[in-house]
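This report goes through one protein chain, from its strands to its aromatic side chains and a few single residues. The sequence and the model come next.

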Amino acid sequence: MGNRRTALVLGGGGSRGAYEIGVWQALNELGIRIDMVTGTSVGAINGAIIVQDAFDLAVSLWTEIDASKVFDLNIKNVIANSGIGISKLKTLLQQHIDEDAIRKSATDYGLVTVGLPSMTPKFLMKEQIPEGMLIDYILASSSLFPAMKSYEIDSIKYIDGGFTDNLPVGMALDHGATHVIAVDLEVVGVIRKKIFNDADFLRVIQCPWDLGNMLIFDRNNTKKILRLGYLDTLKAFHIYEGTHFCFAKGEFDHKSIQNADSAGKIFELNPELIYKRYIFNIHLKNAVDIHITETEKELQIDTDNPIGRILEGLSKAKTSLSQKTITITIARKLKEIGDIKRSLLTIPAMKLLEEEIRAANYLIREGFI
(Lines give C-alpha, C1' and ligand atoms only; values in the text may rest on other atoms or scores of the structure.)
Protein backbone atom coordinates (compact mmCIF):
# COMPACT_ATOMS: atom_id res chain seq x y z
CA MET A 1 0.00 0.00 0.00
CA GLY A 2 2.95 2.38 0.51
CA ASN A 3 2.76 5.33 2.89
CA ARG A 4 -0.87 6.30 3.18
CA ARG A 5 -1.44 9.91 4.18
CA THR A 6 -5.02 11.04 4.63
CA ALA A 7 -5.90 14.71 4.35
CA LEU A 8 -9.10 16.37 5.49
CA VAL A 9 -9.73 19.40 3.26
CA LEU A 10 -12.21 21.94 4.61
CA GLY A 11 -13.91 24.54 2.43
CA GLY A 12 -14.94 28.06 3.32
CA GLY A 13 -18.57 28.84 4.01
CA GLY A 14 -19.06 31.07 7.07
CA SER A 15 -21.83 29.86 9.37
CA ARG A 16 -22.12 26.67 7.33
CA GLY A 17 -18.86 25.59 8.97
CA ALA A 18 -20.69 23.67 11.70
CA TYR A 19 -21.29 21.00 9.04
CA GLU A 20 -17.52 20.31 8.97
CA ILE A 21 -17.49 19.52 12.69
CA GLY A 22 -20.22 16.93 12.09
CA VAL A 23 -18.03 15.40 9.38
CA TRP A 24 -15.12 15.24 11.81
CA GLN A 25 -17.31 13.55 14.43
CA ALA A 26 -18.22 10.80 11.96
CA LEU A 27 -14.62 10.32 10.81
CA ASN A 28 -13.59 9.90 14.45
CA GLU A 29 -16.26 7.25 14.98
CA LEU A 30 -15.19 5.47 11.79
CA GLY A 31 -11.62 5.35 13.09
CA ILE A 32 -10.23 7.27 10.10
CA ARG A 33 -6.90 8.79 11.01
CA ILE A 34 -6.29 12.31 9.71
CA ASP A 35 -2.63 13.07 8.92
CA MET A 36 -3.17 16.54 7.51
CA VAL A 37 -5.79 19.27 7.46
CA THR A 38 -5.89 22.07 4.89
CA GLY A 39 -8.60 24.69 5.01
CA THR A 40 -9.83 28.01 3.72
CA SER A 41 -11.70 30.65 5.73
CA VAL A 42 -13.99 28.88 8.22
CA GLY A 43 -12.28 25.68 7.07
CA ALA A 44 -9.00 27.12 8.38
CA ILE A 45 -10.67 27.87 11.73
CA ASN A 46 -12.19 24.39 12.02
CA GLY A 47 -8.96 22.84 10.79
CA ALA A 48 -6.99 24.46 13.59
CA ILE A 49 -9.37 23.08 16.22
CA ILE A 50 -9.26 19.63 14.59
CA VAL A 51 -5.44 19.62 14.68
CA GLN A 52 -5.72 20.46 18.40
CA ASP A 53 -7.96 17.38 18.68
CA ALA A 54 -10.47 19.44 20.65
CA PHE A 55 -13.83 17.99 19.60
CA ASP A 56 -15.82 19.05 22.67
CA LEU A 57 -14.42 22.57 22.33
CA ALA A 58 -15.49 22.67 18.68
CA VAL A 59 -19.03 21.56 19.50
CA SER A 60 -19.40 24.08 22.34
CA LEU A 61 -18.01 26.85 20.12
CA TRP A 62 -20.44 26.14 17.29
CA THR A 63 -23.53 25.48 19.40
CA GLU A 64 -23.07 28.69 21.43
CA ILE A 65 -22.04 31.00 18.60
CA ASP A 66 -24.16 33.80 17.18
CA ALA A 67 -23.50 36.83 14.97
CA SER A 68 -22.92 39.14 17.95
CA LYS A 69 -19.93 37.00 18.99
CA VAL A 70 -18.41 36.95 15.50
CA PHE A 71 -19.00 40.31 13.85
CA ASP A 72 -18.73 43.92 14.92
CA LEU A 73 -22.14 44.98 13.60
CA ASN A 74 -22.07 48.60 14.79
CA ILE A 75 -23.18 50.50 11.66
CA LYS A 76 -20.85 53.46 12.27
CA ASN A 77 -17.88 51.14 12.68
CA VAL A 78 -18.85 49.12 9.59
CA ILE A 79 -18.94 52.29 7.47
CA ALA A 80 -15.74 53.72 9.00
CA ASN A 81 -13.85 50.44 8.52
CA SER A 82 -15.20 49.78 4.98
CA GLY A 83 -16.60 46.44 6.11
CA ILE A 84 -17.60 44.39 9.15
CA GLY A 85 -14.89 44.43 11.79
CA ILE A 86 -13.44 41.14 13.05
CA SER A 87 -12.13 42.11 16.47
CA LYS A 88 -14.81 39.91 18.07
CA LEU A 89 -13.83 36.98 15.87
CA LYS A 90 -10.19 37.50 16.88
CA THR A 91 -11.15 37.37 20.56
CA LEU A 92 -13.17 34.19 19.92
CA LEU A 93 -10.22 32.51 18.18
CA GLN A 94 -7.83 33.54 20.93
CA GLN A 95 -10.15 31.79 23.39
CA HIS A 96 -10.40 28.57 21.37
CA ILE A 97 -7.21 28.11 19.36
CA ASP A 98 -4.03 26.89 21.03
CA GLU A 99 -1.14 27.72 18.67
CA ASP A 100 1.37 25.74 20.73
CA ALA A 101 -0.79 22.59 20.59
CA ILE A 102 -1.20 22.96 16.83
CA ARG A 103 2.55 23.33 16.27
CA LYS A 104 3.32 20.32 18.45
CA SER A 105 0.65 18.13 16.83
CA ALA A 106 1.80 15.34 14.51
CA THR A 107 -1.05 16.37 12.19
CA ASP A 108 0.03 18.76 9.44
CA TYR A 109 -1.97 21.96 9.02
CA GLY A 110 -2.24 24.49 6.21
CA LEU A 111 -4.41 27.44 5.19
CA VAL A 112 -5.06 29.71 2.22
CA THR A 113 -5.25 33.49 2.02
CA VAL A 114 -4.81 36.16 -0.67
CA GLY A 115 -2.62 39.28 -0.57
CA LEU A 116 -3.83 42.67 -1.78
CA PRO A 117 -3.67 44.52 -4.11
CA SER A 118 -1.89 41.97 -6.31
CA MET A 119 -4.32 39.12 -5.43
CA THR A 120 -1.29 36.93 -4.68
CA PRO A 121 -2.32 33.47 -3.40
CA LYS A 122 -0.67 32.35 -0.16
CA PHE A 123 -0.68 28.64 0.65
CA LEU A 124 0.92 28.36 4.08
CA MET A 125 1.66 25.24 6.12
CA LYS A 126 2.02 25.77 9.87
CA GLU A 127 5.82 25.68 9.74
CA GLN A 128 5.76 28.55 7.21
CA ILE A 129 3.76 30.79 9.56
CA PRO A 130 5.90 32.87 11.97
CA GLU A 131 5.65 31.94 15.66
CA GLY A 132 2.84 33.77 17.42
CA MET A 133 1.13 34.69 14.13
CA LEU A 134 -1.09 31.64 13.54
CA ILE A 135 -4.34 33.31 14.61
CA ASP A 136 -3.47 36.35 12.48
CA TYR A 137 -3.13 34.20 9.38
CA ILE A 138 -6.34 32.31 10.18
CA LEU A 139 -8.09 35.69 10.36
CA ALA A 140 -6.47 36.66 7.06
CA SER A 141 -7.85 33.47 5.51
CA SER A 142 -11.31 34.29 6.90
CA SER A 143 -11.67 37.95 5.86
CA LEU A 144 -14.58 37.74 3.47
CA PHE A 145 -13.91 40.98 1.61
CA PRO A 146 -15.77 43.25 0.88
CA ALA A 147 -18.43 42.25 3.45
CA MET A 148 -15.61 42.09 6.00
CA LYS A 149 -12.61 44.38 6.02
CA SER A 150 -9.25 43.00 4.92
CA TYR A 151 -6.80 41.85 7.61
CA GLU A 152 -3.37 43.46 7.76
CA ILE A 153 -0.17 41.61 8.61
CA ASP A 154 3.24 43.33 8.30
CA SER A 155 1.75 46.16 6.21
CA ILE A 156 0.18 43.71 3.73
CA LYS A 157 -3.60 43.43 3.52
CA TYR A 158 -5.07 39.94 3.17
CA ILE A 159 -8.52 38.68 2.22
CA ASP A 160 -10.44 35.41 2.26
CA GLY A 161 -8.67 32.42 0.72
CA GLY A 162 -11.86 31.58 -1.18
CA PHE A 163 -10.80 34.16 -3.77
CA THR A 164 -8.05 31.78 -4.90
CA ASP A 165 -8.91 28.27 -3.63
CA ASN A 166 -11.96 27.62 -1.48
CA LEU A 167 -11.33 23.87 -1.26
CA PRO A 168 -7.54 23.39 -1.14
CA VAL A 169 -7.25 19.79 -2.33
CA GLY A 170 -4.20 20.67 -4.43
CA MET A 171 -2.41 22.01 -1.35
CA ALA A 172 -2.96 18.70 0.44
CA LEU A 173 -1.66 16.73 -2.57
CA ASP A 174 1.39 19.01 -2.84
CA HIS A 175 2.27 18.11 0.74
CA GLY A 176 2.07 14.37 0.30
CA ALA A 177 -1.58 13.40 0.79
CA THR A 178 -2.53 10.14 -0.93
CA HIS A 179 -6.14 10.02 0.31
CA VAL A 180 -8.34 13.12 0.46
CA ILE A 181 -11.66 13.69 2.19
CA ALA A 182 -12.93 17.12 1.11
CA VAL A 183 -15.89 18.99 2.59
CA ASP A 184 -17.50 21.40 0.11
CA LEU A 185 -19.91 23.87 1.74
CA GLU A 186 -21.03 25.04 -1.72
CA VAL A 187 -20.66 28.79 -1.46
CA VAL A 188 -19.31 31.28 -3.97
CA GLY A 189 -15.55 30.87 -4.34
CA VAL A 190 -12.87 29.46 -6.61
CA ILE A 191 -12.56 25.66 -6.58
CA ARG A 192 -9.67 24.19 -8.58
CA LYS A 193 -11.41 21.00 -9.68
CA LYS A 194 -8.86 19.91 -12.30
CA ILE A 195 -6.38 19.04 -9.56
CA PHE A 196 -8.92 16.61 -8.03
CA ASN A 197 -7.97 14.06 -10.69
CA ASP A 198 -4.44 13.83 -9.25
CA ALA A 199 -5.65 12.22 -6.00
CA ASP A 200 -5.30 8.44 -5.63
CA PHE A 201 -8.47 8.54 -3.52
CA LEU A 202 -10.85 11.48 -3.23
CA ARG A 203 -14.18 11.62 -1.49
CA VAL A 204 -16.06 14.94 -1.60
CA ILE A 205 -18.75 15.35 1.05
CA GLN A 206 -21.56 17.80 0.25
CA CYS A 207 -24.98 18.32 1.75
CA PRO A 208 -28.07 17.79 -0.46
CA TRP A 209 -29.95 20.29 1.72
CA ASP A 210 -29.49 24.07 1.72
CA LEU A 211 -27.27 24.81 4.73
CA GLY A 212 -28.49 28.39 5.04
CA ASN A 213 -27.09 31.89 4.61
CA MET A 214 -23.35 31.81 5.28
CA LEU A 215 -23.44 35.17 7.11
CA ILE A 216 -26.30 34.30 9.49
CA PHE A 217 -25.38 32.43 12.67
CA ASP A 218 -28.52 30.76 14.01
CA ARG A 219 -28.06 28.25 16.84
CA ASN A 220 -30.92 25.99 15.78
CA ASN A 221 -29.58 25.81 12.23
CA THR A 222 -26.06 25.22 13.57
CA LYS A 223 -27.18 22.16 15.55
CA LYS A 224 -29.08 20.87 12.53
CA ILE A 225 -26.24 21.20 10.04
CA LEU A 226 -23.71 19.73 12.47
CA ARG A 227 -25.96 16.67 12.62
CA LEU A 228 -26.32 16.60 8.81
CA GLY A 229 -22.54 16.70 8.41
CA TYR A 230 -22.30 13.66 10.67
CA LEU A 231 -25.00 11.70 8.82
CA ASP A 232 -23.81 12.66 5.32
CA THR A 233 -20.33 11.36 6.17
CA LEU A 234 -21.69 8.04 7.41
CA LYS A 235 -23.63 7.81 4.12
CA ALA A 236 -20.51 8.74 2.13
CA PHE A 237 -18.69 5.80 3.74
CA HIS A 238 -21.68 3.48 3.13
CA ILE A 239 -22.64 2.95 6.77
CA TYR A 240 -26.12 4.19 5.86
CA GLU A 241 -28.00 4.80 2.60
CA GLY A 242 -30.06 7.61 1.10
CA THR A 243 -29.54 11.11 -0.27
CA HIS A 244 -31.67 13.65 1.60
CA PHE A 245 -32.50 11.12 4.32
CA CYS A 246 -30.51 8.56 6.23
CA PHE A 247 -31.76 4.97 5.93
CA ALA A 248 -30.56 1.80 7.62
CA LYS A 249 -28.76 -0.40 5.09
CA GLY A 250 -30.64 -3.10 3.23
CA GLU A 251 -34.12 -1.70 3.90
CA PHE A 252 -34.78 -0.50 0.33
CA ASP A 253 -33.84 -1.42 -3.21
CA HIS A 254 -32.30 1.32 -5.40
CA LYS A 255 -35.56 2.51 -6.98
CA SER A 256 -37.63 2.50 -3.80
CA ILE A 257 -34.94 4.40 -1.88
CA GLN A 258 -35.06 7.17 -4.51
CA ASN A 259 -38.85 7.26 -4.31
CA ALA A 260 -38.81 7.25 -0.51
CA ASP A 261 -36.26 10.06 -0.52
CA SER A 262 -38.52 12.19 -2.74
CA ALA A 263 -41.58 11.46 -0.61
CA GLY A 264 -39.76 12.34 2.60
CA LYS A 265 -38.52 15.59 1.11
CA ILE A 266 -41.95 16.65 -0.20
CA PHE A 267 -43.73 15.81 3.07
CA GLU A 268 -41.01 17.52 5.14
CA LEU A 269 -39.79 14.64 7.26
CA ASN A 270 -36.93 15.24 9.67
CA PRO A 271 -33.56 14.67 7.93
CA GLU A 272 -31.74 14.45 11.27
CA LEU A 273 -33.05 10.96 12.06
CA ILE A 274 -31.77 7.53 11.02
CA TYR A 275 -34.75 5.63 9.61
CA LYS A 276 -35.63 2.00 9.40
CA ARG A 277 -38.25 1.51 6.69
CA TYR A 278 -41.19 0.92 9.02
CA ILE A 279 -40.32 4.00 11.14
CA PHE A 280 -39.95 6.12 8.00
CA ASN A 281 -43.35 4.91 6.80
CA ILE A 282 -45.02 5.76 10.11
CA HIS A 283 -43.70 9.34 9.91
CA LEU A 284 -44.58 9.63 6.22
CA LYS A 285 -48.12 8.25 6.55
CA ASN A 286 -48.77 10.64 9.41
CA ALA A 287 -47.60 13.60 7.31
CA VAL A 288 -49.68 12.48 4.31
CA ASP A 289 -52.83 11.96 6.42
CA ILE A 290 -52.45 15.38 8.05
CA HIS A 291 -52.10 17.07 4.65
CA ILE A 292 -55.14 15.23 3.22
CA THR A 293 -57.24 16.25 6.22
CA GLU A 294 -56.14 19.88 6.00
CA THR A 295 -56.58 20.28 2.23
CA GLU A 296 -59.36 17.90 1.19
CA LYS A 297 -61.13 20.62 -0.84
CA GLU A 298 -57.95 21.44 -2.71
CA LEU A 299 -57.64 17.74 -3.55
CA GLN A 300 -61.13 17.49 -5.06
CA ILE A 301 -60.32 17.41 -8.78
CA ASP A 302 -62.73 16.52 -11.58
CA THR A 303 -62.40 12.73 -11.88
CA ASP A 304 -64.04 12.66 -15.32
CA ASN A 305 -61.04 14.36 -16.91
CA PRO A 306 -58.44 12.10 -18.53
CA ILE A 307 -55.37 11.61 -16.35
CA GLY A 308 -53.13 13.24 -18.96
CA ARG A 309 -55.12 16.46 -18.92
CA ILE A 310 -55.25 16.52 -15.10
CA LEU A 311 -51.51 16.02 -14.75
CA GLU A 312 -50.77 18.53 -17.48
CA GLY A 313 -52.86 21.00 -15.50
CA LEU A 314 -50.93 20.13 -12.37
CA SER A 315 -47.61 20.76 -14.09
CA LYS A 316 -48.84 24.23 -15.08
CA ALA A 317 -50.21 24.81 -11.57
CA LYS A 318 -46.98 23.75 -9.88
CA THR A 319 -46.31 27.30 -8.73
CA SER A 320 -49.74 27.72 -7.09
CA LEU A 321 -50.39 24.24 -5.65
CA SER A 322 -48.19 22.73 -2.96
CA GLN A 323 -45.92 19.82 -3.86
CA LYS A 324 -47.80 17.74 -1.31
CA THR A 325 -51.16 18.35 -3.00
CA ILE A 326 -49.74 17.61 -6.44
CA THR A 327 -48.12 14.39 -5.19
CA ILE A 328 -51.31 13.10 -3.57
CA THR A 329 -53.35 13.95 -6.68
CA ILE A 330 -50.88 12.16 -8.94
CA ALA A 331 -50.88 9.15 -6.61
CA ARG A 332 -54.69 8.92 -6.64
CA LYS A 333 -54.84 9.15 -10.42
CA LEU A 334 -51.98 6.74 -11.02
CA LYS A 335 -53.61 4.23 -8.71
CA GLU A 336 -56.67 4.34 -10.95
CA ILE A 337 -54.79 3.70 -14.18
CA GLY A 338 -51.91 1.67 -12.77
CA ASP A 339 -49.15 2.95 -15.06
CA ILE A 340 -47.65 6.39 -15.64
CA LYS A 341 -46.93 5.47 -19.28
CA ARG A 342 -50.67 5.15 -19.94
CA SER A 343 -51.33 8.63 -18.59
CA LEU A 344 -50.68 10.41 -21.93
CA LEU A 345 -48.55 12.85 -19.91
CA THR A 346 -46.06 14.66 -22.13
CA ILE A 347 -42.34 14.22 -21.60
CA PRO A 348 -41.80 17.86 -20.49
CA ALA A 349 -44.60 17.55 -17.90
CA MET A 350 -43.16 14.25 -16.66
CA LYS A 351 -39.77 15.93 -16.28
CA LEU A 352 -41.28 18.87 -14.42
CA LEU A 353 -43.16 16.53 -12.08
CA GLU A 354 -40.37 13.95 -11.77
CA GLU A 355 -39.97 14.23 -8.01
CA GLU A 356 -43.73 14.25 -7.36
CA ILE A 357 -44.19 11.16 -9.58
CA ARG A 358 -41.44 9.30 -7.69
CA ALA A 359 -43.05 10.23 -4.36
CA ALA A 360 -46.52 9.28 -5.64
CA ASN A 361 -45.26 5.86 -6.69
CA TYR A 362 -43.88 5.33 -3.19
CA LEU A 363 -47.19 6.33 -1.57
CA ILE A 364 -49.04 3.85 -3.79
CA ARG A 365 -46.54 1.04 -3.21
CA GLU A 366 -46.71 1.43 0.57
CA GLY A 367 -50.52 1.59 0.52
CA PHE A 368 -50.88 5.17 1.78
CA ILE A 369 -53.20 6.12 -1.09
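Two strands pair if DSSP finds at least two bridges between them. Helices (H or I, at least four residues) and strands (E, at least two) are DSSP runs, numbered from the N terminus. The model is predicted, so local features are given only at pLDDT of at least 70 and side-chain atom pairs only at pLDDT 80 or more, while totals for chains, interfaces and linings use all residues. Residues are numbered from 1 along each chain as its sequence is written, and side-chain values use heavy atoms, with hydrogens and water left out.

**Strand β1 and its partners**

Strand β1 (residues 6-10) pairs with strand β7 (residues 179-183) in the parallel sense, over five bridges. It also runs parallel to strand β2 (residues 36-40), to which four bridges join it. Leu8 of β1 stands opposite Ile181 in β7, and its bridge partner in β2 is Val37. Between β1 and β2 the chain passes through helix α1 (residues 18-29), and this β-α-β crossover is right-handed. Right-handed here means that, with the strands pointing away from the viewer, the path from the first strand over the helix to the second runs clockwise.

Buried means under 20% relative accessible area, exposed means over 50%, and partly exposed lies in between (1.4 Å probe, protein chains only). By this rule five of the five residues of β1 are buried. In a regular strand the side chains alternate between the two faces of the sheet. In β1, Thr6, Leu8 and Leu10 lie on one side and Ala7 and Val9 on the other, and both faces are covered.

Thr38 belongs to strand β2. Thr38 has a relative accessible area of 0% and is therefore buried. Contact means heavy atoms within 4.5 Å. Leaving aside neighbours within four places in sequence, Thr38 is in contact with Leu8, Val9 and Leu10, and also with Gly110, Pro168, Met171 and Ala172.

**Helix α2 and two partly exposed residues**

Helix α2 (residues 42-51) is mostly covered, with ten of its ten residues buried. Among them are Val42, Ile45, Asn46, Ala48 and Val51. Just after α2, Asp53 takes a positive phi of about 60°.

Ala101 lies in helix α7 (residues 99-104). With a relative accessible area of 28%, Ala101 is partly exposed. Its C-alpha atom is separated by 9.5 Å from that of Ala48, and the two residues are 53 residues apart along the chain.

Ile191 is found in the loop between β7 and β8 (201-205). At 24% relative accessibility, Ile191 also counts as partly exposed. Not counting residues up to four places away in sequence, Ile191 touches Asn166, Leu167, Asp184 and Phe196. The C-alpha atoms of Ile191 and Gly162 are separated by 8.0 Å, with their positions 29 residues apart along the chain.

**Aromatic side chains**

Rings of Phe, Tyr and Trp (its six-membered ring) pair if their centres lie within 6.5 Å; planes under 30 degrees apart count as stacked, over 60 as edge-to-face and the rest as tilted. The structure holds 13 such aromatic pairs. Two of these pairs are set out below.

| Pair | Centre to centre | Angle between planes | Type |
|---|---|---|---|
| Phe247 and Phe280 | 5.1 Å | 80° | edge-to-face |
| Tyr275 and Phe280 | 5.3 Å | 85° | edge-to-face |

Phe247 lies in strand β9 (residues 246-247) and Phe280 in helix α12 (residues 277-294), so their pair ties together parts that are 33 residues apart in sequence. Phe247 and Phe280 are both buried, and Tyr275 is buried too. Ring pairs link these three residues with Trp209, Phe245, Phe252 and Tyr362 into a cluster.

A charge sits over a ring if NZ of Lys or CZ of Arg is within 6 Å of the ring centre and within 35 degrees of the ring normal. The charged end of Arg203 sits over the ring of Phe237 in this way, 4.7 Å from its centre.

**The chain as a whole**

The secondary structure comes to 16 helices and ten strands. Of the 369 residues in the chain, 52% are buried. Among contacts between residues at least 6 apart in sequence, 71% join residues at least 24 apart. The chain exposes about 17200 Å², and carbon and sulfur atoms supply 51% of this area. Accessible areas come from the Shrake-Rupley method with a 1.4 Å probe; for residues, only the protein chains shown count as cover.
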